[in-house]
Amino acid sequence: MSNPYFNSTEVLTHAGVMAMLSAGIARAEAMGQPQVIVIVDASGELLGEIRMTGAKYLSRKSAFSKARTAASIGAPSDSVPEAVRTGVGLATGGEVTGLPGGLPIWHNGVLLGGIGVGSGTGPQDIDVGRAALAAIGADT
């Protein structure tokens with residue numbers, strides 16, 4: 001019988017975070033674009049990050065916002081409607097963004113967190129994020 005006071009769910013482990021970071025780094029190196037990669041859990045707490053040598057240091061803040069946005073809404077960060085991007089960005093102190101490069105981490109229908117990638121173009125950031133998701137067999 002199910003207990004109404006507890007919920008059992010999947011969580012992203014440190015091994016999964018490391019696999020995602022490694023795959024993201026490999027994809028970024030293959031395209032010749034150093035990146036900042038940030039991974040958060042479903043509550044937006046940091047699980048892992050790297051700023052590759054040569055990546056823009058301010059991209060850490062945007063990559064973190066992209067990851068938290070994707071984890072919060074369960075969708076890519078660039079799906080935040082254009083009409084509300086500025087207002088929601090101001091209201092959250094930059095915690096929510098509509099910039100491309102944030103992707104949710106879904107597995108077996110469970111939202112595990114988000115990944116944010118920054119320092120390249122939007123398509124490059126998304127490509128690196130997708131490579132990281134593929135490394136752990138996340139739902140796409």
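1. A strand, as the word is used in this note, is a DSSP run of E with at least two residues, and strands are numbered from the N terminus; in that sense I39 is found in strand β1. The model discussed here is a predicted one, and the points below should be read with that in mind.

2. Overall make-up. The protein chain has 4 helices and 4 strands, and when these are read along the sequence they follow the pattern α-β-β-α-α-β-β-α. The C-alpha atoms fill a box of roughly 55 × 35 × 20 Å when this is taken along the principal axes. The radius of gyration of the protein chain is 15 Å, which agrees with the value near 14 Å that a compact globule of 140 residues would have.

3. Contacts, cover and surface. Among the contacts in the protein chain with a separation of 6 or more, 63% are between residues 24 or more positions apart. Of the 140 residues, 41% count as buried. The accessible surface comes to about 7,400 Å², and carbon and sulfur atoms account for 58% of that surface. As for charge, the chain carries 9 positive and 11 negative charges, and the mean positions of the two sets are 7 Å apart.

4. Strand β1 and its two partners. Strand β1 covers residues 36-41 and is mostly covered, with 5 of its 6 residues buried. Strand β2, residues 46-51, is joined to β1 by 5 bridges, and the two run antiparallel; within this pairing, I39 has G48 of β2 as its bridge partner. Strand β4, residues 110-118, is joined to β1 by 6 bridges, again in an antiparallel arrangement, and here the bridge partner of D41 is G113.

5. The first-listed hairpin, β1 with β2. These strands form a hairpin with 4 residues between them, and in the turn G44 has a positive phi of about 90 degrees.

6. The hairpin of β3 with β4. Strand β3, residues 102-107, runs antiparallel to β4 and is joined to β4 by 6 bridges, one of the pairs being P104 with G114 of β4. The hairpin formed by β3 and β4 has 2 residues between the strands. N108 is placed in the loop between β3 and β4, and N108 has a positive phi of about 50 degrees although it is not a glycine. A reader checking this turn may want the background that most residues other than glycine have a negative phi. Is N108 buried or exposed? N108 counts as exposed, because its relative accessibility is 56% and the cut-off for exposed is over 50%.

7. S119, another residue with positive phi. S119 is a residue other than glycine, and its phi is near 125 degrees. S119 is placed in the loop between β4 and α4, the latter being residues 122-135. With a relative accessible area of 6%, S119 is buried, since buried means under 20%.

8. Helix α3 and the residue after it. Helix α3, residues 82-91, has 10 residues of which the number buried is 1, so this helix lies largely in the open. G93, which follows α3, has a positive phi near 65 degrees.

9. The surroundings of I39. I39 counts as buried, because its relative accessibility is 0%. Which residues does I39 touch, not counting those up to four places away in sequence? The list is L12, V17, M20, L21, E45, L46, L47, G48, I105, G114 and I115. G48, which appears in that list, is also the bridge partner of I39 in β2. As for V80, which is 41 residues from I39 along the chain, the C-alpha atoms of the two residues are separated by 19 Å.

10. V17, seen from the helix side. V17 is found in helix α1, residues 14-31, and is buried, with a relative accessible area of 3%. Leaving aside neighbours within four places in sequence, V17 is in contact with L12, I39, L47 and G48. These four contacts include I39 of strand β1, and L12, L47 and G48 are also touched by I39. V17 and V40 are 23 residues apart in sequence, while their C-alpha atoms are 9.1 Å apart in space.

Note on methods: Residues numbered from 1 in each chain as written. Predicted model: local features only at pLDDT ≥ 70, side-chain atom pairs only at ≥ 80, totals over all residues. Heavy atoms only, no water. Buried < 20%, exposed > 50% of the residue type's maximum accessible area, 1.4 Å probe, protein only. Pairing = 2+ DSSP bridges. Rg over C-alpha atoms; globule rule 2.2 N^0.38 Å. Contact = heavy atoms within 4.5 Å. Areas by Shrake-Rupley, 256 points an atom, 1.4 Å probe, with all protein chains shown as cover. Lys, Arg positive; Asp, Glu negative; His and termini not counted. Charge placed at Lys NZ, Arg CZ, Asp CG, Glu CD.
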